[in-house]
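Dear colleague,

I am passing on a structure that I would like you to look over. My notes on its pockets and domains follow below it.

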Amino acid sequence: MSINEEIISMLKKTVLSATTTGRIPDVGLLDIQIDYPKRQEYGNLSTNIAFLIAKKISTSPYLVAQIIIESMEKIEGLISRVEIAGGGFINFWVSKERLYKVLKEIEETNESYGTSNIGQGEKVLIDFVSANPTGPLHVGHGRGADYGDILANILAFCGYKVTREYYINDVGTQMRTLGESLKARYLQLLGQDVQLPENGYKGEYMVEIARTLHRQERDTCRNEEVGFFTNFAKESILEDIRKTLIDFGIQYDSWFSEKELYDSNQVDEVIDSLKKLGFTYESEGALWLKTTAFGDEKDRVLIRQNGEYTYFAGDIAYHKNKYDRGYDVLINAWGTDHHGYIKRLEAAMSALGYPANNLVFLLCQLVSLIRDNQPVSMSTRAGEFVTLSELIKEVGQDVARFFFVMRKMNSHLEFDLNLAKQSSKENPVYYIQYVHARTCSILSRAKEKGLSLNQTADLNLLKLDEELALIFKLASLPQEIINCARFYEPHGLTAYLIELAGIFHNYYQHHRVISANKELSQARLVLVNAVRIVIRNTLTLLGLTAPQRM
RNA sequence: GCGCCUGUAGCUCAGUGGAUAGAGCGUCGGACUCCGGAUCCGAAUGUGGAGGUUCGAGUCCUCUCAGGCGCGCCA
């Protein structure tokens with residue numbers, strides 16, 4: 001049990017006993033909150049429980065707090081001091097013994113320190129990036145990629161069974177346009193005077209693909225159908241996307257093709273089901289789904305007048321397929337430009353009788369790139385966007401990943417290339433990674449001097465305020481991770497790392513780890529090692545490297 | 001016009017309805033002959049606006065102003 005859990009359990013017991021002895025009336029269930037106070041003189045943790053109770057029974061929070069403290073069912077070795085402050089806050093100081101236990105725990109659990117089991121083995125499928133295979137990933141996709149991957153890491157750490165999936169939109173008009181564009185570029189290489197189609201893909205990468213095709217097949221493809229070119233373009237682009245994601249440190253468990261949904265009749269089947277359920281109708285030559293019956297603004301088309309299926313039709317089949325594969329939670333990490341699409345998909349799934357509340361939509365706001373205080377144009381049509389792989393090349397994988405996840409996903413991200421690159425030494429990524437390198441360096445230095453990590457080190461020697469604050473910060477990692485998982489917000493971990501790094505650097509600057517005092521040195525080495533483990537585990541969750549040297 | 005998101009320090013942004021609103025960058029001034037100076041210490045500047053809810057509001061509600069995105073038988 002974590003310290004927070006122990007305190008909550010202690011408070012629950014206390015309230016129960018105060019109720020049974022009649023000192024407090026029965027107030028029912030309480031949502032007890034444990035806070036981290038902002039000021040050191042308020043202790044390590046605080047609770048507002050007295051305010052909650054006082055409100056229900058209309059009395060003074062201070063009085064309630066007093067009663068709670070007097071009837072406190074103390075847990076042995078957990079708390080060293082309790083105080084009332086600010087008119088009703090109850091502040092706790094965690095005992096040294098409890099903190100030393102955390103150090104032991106970190107050492108023993110090592111790579112798995114910070115894990116929890118709030119997921120209880122629930123199966124989660126997270127669909128992220130899923131950019132159309134019509135061009136290279138750009139910077140905006142990078143944010144979604146980073147976010148989805150880190151979220152998957154965090155959920156897995158919290159006991160969920162996570163699958164990362166990429167949904168490939170490989171049917172429809174855009175695919176035809178893609179094939180036509182490649183064919184035009186290819187024929188141009190053969191010296192023919194051919195124009196790109198009107199909404200064709202103008203990017204330079206299409207010329208590259210045409211060159212590759214020409215290199216492989218010479219002029220033998222000149223009479224091939226568009227479908228041939230579509231396929232060739234799709235495969236080369238997907239290969240490029242896959243490679244870019246690997247360069248970014250991201251591996252998918254599954255690549256799911258929309259085309260296969262059609263080929264295996266799953267789209268027709270799902271439309272049949274919807275028809276039988278009576279949620280469809282025909283109008284103006286098209287087939288509509290009554291999404292308004294489930295709160296959508298207007299009904300949506302499934303099959304167009306010209307007989308083609310909409311993207312929506314395929315997506316319903318896709319989500320049905322995901323449920324049928326046995327996933328409990330379906331997470332869709334999309335760009336904010338898809339938000340209008342959520343209602344209709346929820347409506348469709350409700351119509352089919354699937355639990356809509358297991359559908360989770362997480363929207364990443366857009367990214368704008370800034371260079372030399374000027375916005376960088378990222379128009380896809382003109383083919384002048386900055387690709388993700390260019391960004392990785394320019395600022396490095398770690399910096400790119402950290403910058404993407406540093407902000408809340410529903411705020412816009414301004415990615416300042418100059419800041420990320422030129423002032424890289426002032427960069428928070430390095431600030432954090434430096435802690436890792438430094439701890440590694442201290443440990444190896446200690447080893448040279450014949451001081452090794454020792455199970456029997458006397459941790460009681462760690463009694464400086466800075467040391468206890470540092471350990472307490474290490475102790476809060478599991479809870480930090482749980483909070484991130486619960487709200488699907490990984491950016492909290494970046495803040496955690498910056499704070500932890502600050503505390504450590506400060507400590508290091510003012511106190512020697514390795515000194516003439518052998519016992520003290522050994523105790524401090526245990527602390528340093530614990531910092532190393534926590535930093536490394538958290539960096540790993542964020543998809544970042546933990547360098548031993550820099 | 002309607003819907004979603006965002007307005008917090010000079011800039012980029014944190015901030016479970018809780019106590020004196022915090023970081024980084026930038027600016028200015030300092031630090032051990034020492035385990036890594038990619039470090040540390042110190043200084044300054046504040047919630048777009050108006051109401052409301054309550055013991056308490058950056059956080060919740062209403063209105064308003066400003067910016068972004070979306071409102072296809074595109075994907």
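How many residues of domain 2 are in contact with how many residues of domain 3? Counting contact as heavy atoms within 4.5 Å, 16 residues of domain 2 touch 16 residues of domain 3. Please keep in mind that this is a predicted model, in which local features need pLDDT of at least 70 and side-chain atom pairs count only at pLDDT 80 or more, while totals for chains, interfaces and linings use all residues. Residues are numbered from 1 along each chain as its sequence is written, chains are lettered from A and ligands numbered from 1 in the order in which they are written, and side-chain values use heavy atoms, with hydrogens and water left out.

The domain assignment of chain A, whose bounds come from an automatic or database assignment, gives domain 1 (3–94), domain 2 (123–169 + 250–364), domain 3 (173–247) and domain 4 (424–541). The centres of domain 2 and domain 3, taken over C-alpha atoms, are 28 Å apart. Between these two domains about 1500 Å² is buried, with carbon and sulfur atoms giving 66% of that area; buried area here is the accessible area (1.4 Å probe) that two parts lose on being put together, summed over both. On the domain 2 side, P133, T134 and W255 supply 37% of the area buried against domain 3, more than any other three residues. There is 1 salt bridge between domain 2 and domain 3, a salt bridge being a side-chain nitrogen of Lys or Arg within 4 Å of a carboxyl oxygen of Asp or Glu.

Turning to the pockets, each is an open set of points on a 1 Å grid over the protein atoms alone, where a 1.4 Å probe fits and protein lies on both sides within 12 Å along at least five of seven lines; lining residues have an atom within 4 Å of a point. The largest pocket holds about 970 Å³, as the space filled by probe spheres set on points joined across faces, edges and corners. Its lining comprises 37 residues, of which S130, A131, N132, D337 and H338 lie nearest the centre.

The second largest pocket holds about 600 Å³, and of its 22 lining residues Q40, G43, N44, A469 and F472 are the closest to its centre. Domain 1 and domain 4 each supply at least three residues of this lining. Helix 17 (helices being DSSP runs of H or I, at least four residues, numbered from the N terminus) gives the most to it, with 5 residues.

Best wishes

Terms used. Helices (H or I, at least four residues) and strands (E, at least two) are DSSP runs, numbered from the N terminus.
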